[in-house]
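Q: I'm new to reading protein models, and I'd like to go through one step by step. Can we look at it together?

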Amino acid sequence: MNKQQLAAKIWESANQMRSKIEANEYKDYILGFIFYKYLSDKELQFARKEDFSDKDIKALTEEDAETVEHIKSNVGYFIAYKDLFSTWIKMGKDFDVSNVRDALSAFSRLISPAHNRLFDGVFETLQTGLSKLGENAASQTKAISQLIHLIKDIPMDGKQDYDVLGFIYEYLISMFAANAGKKAGEFYTPHEVSLLMSEIIADHLKNKKEIQIYDPTSGSGSLLINIGSSVAKHIDDENNIKYYAQELKQNTYNLTRMNLVMRGMLPNNIITRNGDTLEDDWPYFDENDPVNSYSPLYVDAVVSNPPYSQKWDSDNKETDPRYARFGLAPQAKADYAFLLHDLFHIKPDGIMAIVLPHGVLFRGGEESVIREKLIEANHIHAIIGLPASIFFGTGIPTIVMILKQKRKNTDVLIVDASKGFIKAGKNNKLRASDIKRIADTVIGRQSNPKYSKVVSREVIRGNEYNLNIPRYVDSLENSESWDIYASMFGGIPEKEIDELGKYWRAFPGLRDAVFSKSSTAYAELKVEDVKNTIKEHANIKKFVKRFSTSFGDFDSFLKDELLTNMSSVKISREETVLSEDIFRRLKVIPLIDKYDAYQLLDDDWTKIAGDLEIIQTEGFGAIKKVDPNMVLKKKKDKEQEVQGGWIGRIMPFELVQKTHFKKELQDIKKKENRILKITSEYEEMLDSFSEEEKESDVVNEAQDGFVNAAVIKEGKQIKAGMKKAVTFAEDSYEFKILKADELIAEEKELKKQVKAEMVNLQMQTKEIIEKLTDKQVHELLELKWISPLVTSLNELPKLVINKMTAKVLALSEKYATTYSHVMEEIHETEKVLSSIIDELDGNEFDTQGLNEFKSLLKGE
C-alpha cells in the first residue's frame, strides 16, 4: 500500500470513528496519537542502534536513572517500555485508557531540560480530551484502541518514512480542514497556496548556504514546512535551515511542534513559541539570561496566513518598532499590523509572503496611509490575486503579497490569477500548472495580456496608491459583439477574422485558404469542408511535423532519466528537470501553452514519484512484490478487513495482463459480453409474452427480478410433462419459458467460468510479476510511466488545431442566417398560412376572425 492509499484508508476509518465529535476536535486526538507513536518508535530506533537487546528494551523503566538520563540526553525524552506505543498494541484486551493517561503524564515528567521548549505540554490537548472519546472508561478504551490500531501500520523507522509520515499527517490535516468549516482557517493553509508561496520564496533564497524562515501565525506548521521543502531543493544541507514558529492557540501550537518534529528536522533547528504575535513580539532574549542573550529576530524569509481582518488592540503601540515607520493599522482590521510585523522581521536582503483579503489593496483611512508609505519606501514587490473560495470555510477573495526590505526596481508586479483553478467540491483549487504559471510570472516579473502587468510607481501615484487589481489588469474575456451589416446581409466581418490573428501568424496562407474577401470590410467562406481544408494545409502539416521532430527523442530522454537512473534520481528535483526539457522543446512550437504541457507532466508525475519513492526505499525488488488486496466487507453488521485477491506493490495487474495475457483477457471479455447479451435477450423474451401471459405468477415474478426461482421451476414442470420430444411453436408460452430456462442455465455456467478464469488469471499475474526479468520490468515501467505522458503530450498539436477549427466554424455559422433571410422565410410562411385560411369554411363569426388574422399576416 503506497502512502496515498494508506492515508486515504486512515482518513476514511477515522472519519467514521469520530462519530459525533467535531472534525476540528477529533484531529487533535488522532494526530496526537500519531505523534506519540513517532516518539515511541524513535526511542526504539535509538535503543537498537545502541545495541539494546529485546530483554534490555523490556527492562526500560523510570527507576533506571542512568539509562533514563542516557536516552533523554540523546533523544530529548524517555518513555518506559510499559508506555511505548508498541506495548499498547501487544497488550490486546488488557489495554486500558489508564495506560494512556499514565504514559502521557510520565512523558511530561521525563523531558530533557534542553528539549523542554520543544516538548513541554505537547500532549496537553490530547490528555485533556481523552474523556471526550467516550462516556466512561470502557467506551474511551474502545475508541482509543480502535485509533491506535488504525495508525499502527504507518512506517516511521527510516529517512524515507519521514516523507510517508509527513504526507499522511498533511493529508489528514487537509481532510479535517475540509470538514471543519470556518474553524479550518485557524490551523490550515491549503497545500497549493503554500506551494505557490514556497516556490517564490525558494527562488529568492536559492543561493544561500544557511537559511532562517519564520511563520508568526503558524497554525499546523504546514506552510512553514512547505517553504522548507522548496528551499531544500536548492541547498546542499537541509540541516542548515532553521524554523521559527509562533502560534496563539495552544492546541494549534501543539500541531506546529508535532509537524516540525516528525519531519526529521534537528531539534536545535526548531524554535517555537506559544504567544500572541501582535501583542507580544518574538522575545529578544532568553528569559533565564535576558541581558547576555539579547538578540532581535531577523530572518531570511517570513511567511504567514494570518486571520483576516480581525480586531486588535493598537493602544500604546505607537513606539513599537514594528509600526513606528508606517503607522498603526485600524483597530477593526489587523491585516496591516500582521504585514508590518512580518516586514520588520526580515533581513535587508530578505523576502516575505503574506495572504491577505483583497480589501488591503484599496481600503481608505489608516490603511491607505500605510499603503502609500510602503509603496514610497519601495517594499511591495508583487501582488497576486487568487481565485475566490480557495480557502476552507470562507469565500473571501484573497491575495498573496510579496514584499522585500530592499529592492533595486521601484515598480510593482500585479498578477490576476483569479481565473486559473479547478472545482474541488465546494472549493476552488489551484492546479500545478496554475502554480507554475504564477511563480514563473512573479520570478520573471513578466507582463502578460489579461494576466499580469509591471506597474510603475508613477502610475500607482496617479491612482492615489489604490492597488485594486482590476485597475491595472483587465482579465475579463471580451464580450461577444454582433456586426449589424453582417447580421442583415451576411458575410463575415474582417475585424472578427482579425481576432484570430495568432493563428494566421502561426500558419501563413491559411486565412486566404479559408476565407475570400467579398468587400473591403467583409469576407466569406471559400471552402465547404473547413475542417479538411485546415487539416490538409501545408503549414498545419509543418506545425505537426515540427512538434514531432522536437519531441522525437523525448521518450528516450525519459527512459534515461527515470528507468536507467531509477535508484538514484533526485525525486524532489526531477519534475523540474523534466519540465525544463519540455519547455525547451516547446520554444520552437507556436500556440501550444507550455503550462498545459506542464499540467500533463504533473498529472503523471504524482504516480511516477510514488513508485520511485518505494523503489528507492525498498530496493529494485519492490517492483516484483505482490501484496494482499485488503478490502472492507460487512460481516454481522460490522465492517471487517478481508483479503480480496492480490495487488502489485508497484506493477498494476491490469497492465501486466494487457501485456502478457491478451488472449486470456479476450476470452474473459467474450464471455462477459455474452452474459450482457443474455440479459438483453432475456428481457426481450419477457416483453414478448402476451398481456394474458404476463398476468401469470411465473412471468410476474420474473419481471420483478425473481428470475431463477420462477422460470427454472416452470421450465422443470414443462419438461416433466413432456413424455417425448415435442416441438413448440416459437410464439408459444412453453417455447419462451424453455428458452428463458436455457438462457439462465447458460448465464450461470458462463458466470462460473468467468469467476474461475479471473481467479486463475490473477494467480498467473501474481506469479509473472514475482518472476519478472529486469528487461520485462523496464518494458512494463515504460508502459506505466513513459507511454501515457508521451501519448498525452503528442495530443497537444491536435488540440490547438481543433480549437482553431472550432473558432473558424463558429465564426462562419454566426452570420450564416441573416435577418433578411429570416424575414423572407417569415413572409413565405405568411403567404402559405394566408392561402390555407382561404380554403377554410365556417360561420360568419369564424370568417370575420379568419379575415382579421389574414390582415395581420399581411401587416395591414
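Q: Which residues form a nonpolar patch on the surface, and how much accessible area do they have together?
A: Keep in mind that this is a predicted model. The patch is made of Val832, Leu833, Ile836, Leu840, Phe853 and Leu856, and together they have about 530 Å² of accessible area.

Q: Which helices each supply at least two residues of that patch?
A: Those are α35, residues 819-838, and α36, residues 844-857. The largest share, three residues, comes from α35.

Q: Let me zoom in on one residue. Where is valine 832, and what is its relative accessible area?
A: You'll find valine 832 in helix α35. Its relative accessible area is 43%, so valine 832 counts as partly exposed. That label covers what falls between the buried cut-off of under 20% and the exposed cut-off of over 50%.

Q: Let's step back to the whole chain. How many helices and strands are there, and what does the chain span?
A: The secondary structure comes to 36 helices and 16 strands. Along its principal axes, the C-alpha trace spans about 110 × 95 × 65 Å. Of the 860 residues, 47% count as buried.

Q: Now sheets. How do strands of a sheet pair?
A: The general idea is that they pair through backbone hydrogen bonds, and the pairing can be parallel or antiparallel. Here's a case to try: an open sheet of three strands, in the order β12-β14-β13, with antiparallel pairing. β12 (492-493) and β13 (515-517) are at the edges with a single partner strand each, so each has one side without a neighbour in the sheet.

Q: How many bridges join β12 to β14?
A: Two bridges, and the strands run antiparallel; β14 covers residues 522-525. To see this on screen, find proline 493, which stands opposite tyrosine 522 in β14.

Q: And what links β13 with β14?
A: Three bridges, again in the antiparallel sense. One pair to look for is lysine 517 with its bridge partner in β14, alanine 523. β13 and β14 also form a hairpin, with four residues between them.

Q: What is the strand order in the sheet of nine strands?
A: Read across this open sheet and you get β3-β2-β1-β4-β5-β7-β6-β8-β11, with mixed pairing. Its edge strands are β3 (270-274) and β11 (452-455), each pairing on one side only. Neighbouring strands in this sheet are turned by 15° against each other on average, if you ignore direction.

Q: How many bridges join β5 to β7 in there?
A: Seven, between β5 (residues 346-357) and β7 (residues 398-404), and these strands run antiparallel. For example, proline 357 has threonine 398 in β7 as its bridge partner.

Q: How do I check the span of a helix such as α16?
A: Count 1.5 Å a residue and compare that with the distance between the end C-alpha atoms. For the 13 residues of α16 (residues 432-444), the expected span is 18 Å, and the end C-alpha atoms are 18 Å apart, so the two agree.

Q: How many residues of α16 are buried?
A: 10 of the 13, so α16 is largely enclosed by the rest of the structure. Among them are Ala432, Ile435, Ile438 and Val442, and also Lys436 and Asp440.

Q: What happens just after α16?
A: There you meet arginine 445, with a positive phi of about 45°. Arginine 445 lies in the loop between α16 and β11. Serine 309 is another case to look at: this residue is not a glycine, yet has a positive phi of about 50°. Serine 309 sits in the loop between β4 and α14 (335-344), and its relative accessible area of 25% makes it partly exposed.

Q: One last loop residue: is aspartate 281 buried or exposed?
A: Aspartate 281 counts as buried, at 12% relative accessibility. Its place is in the loop between β3 and β4 (299-304). Try a distance here too: aspartate 281 and proline 216 are 65 residues apart in sequence, and their C-alpha atoms are 9.2 Å apart in space.

Key. Residues numbered from 1 in each chain as written. Predicted model: local features only at pLDDT ≥ 70, side-chain atom pairs only at ≥ 80, totals over all residues. Heavy atoms only, no water. Pairing = 2+ DSSP bridges. Expected span 1.5 Å × (residues − 1). Buried < 20%, exposed > 50% of the residue type's maximum accessible area, 1.4 Å probe, protein only. Patch = residues over 30% accessible without salt bridge, like charges linked within 9 Å, V, L, I, M, F, W, Y side chains within 5 Å. Areas by Shrake-Rupley, 256 points an atom, 1.4 Å probe, with all protein chains shown as cover. Salt bridge = Lys/Arg side-chain N within 4 Å of Asp/Glu carboxyl O. Axes fitted to C-alpha atoms, helices over the stretch in contact; angles between N-to-C directions.
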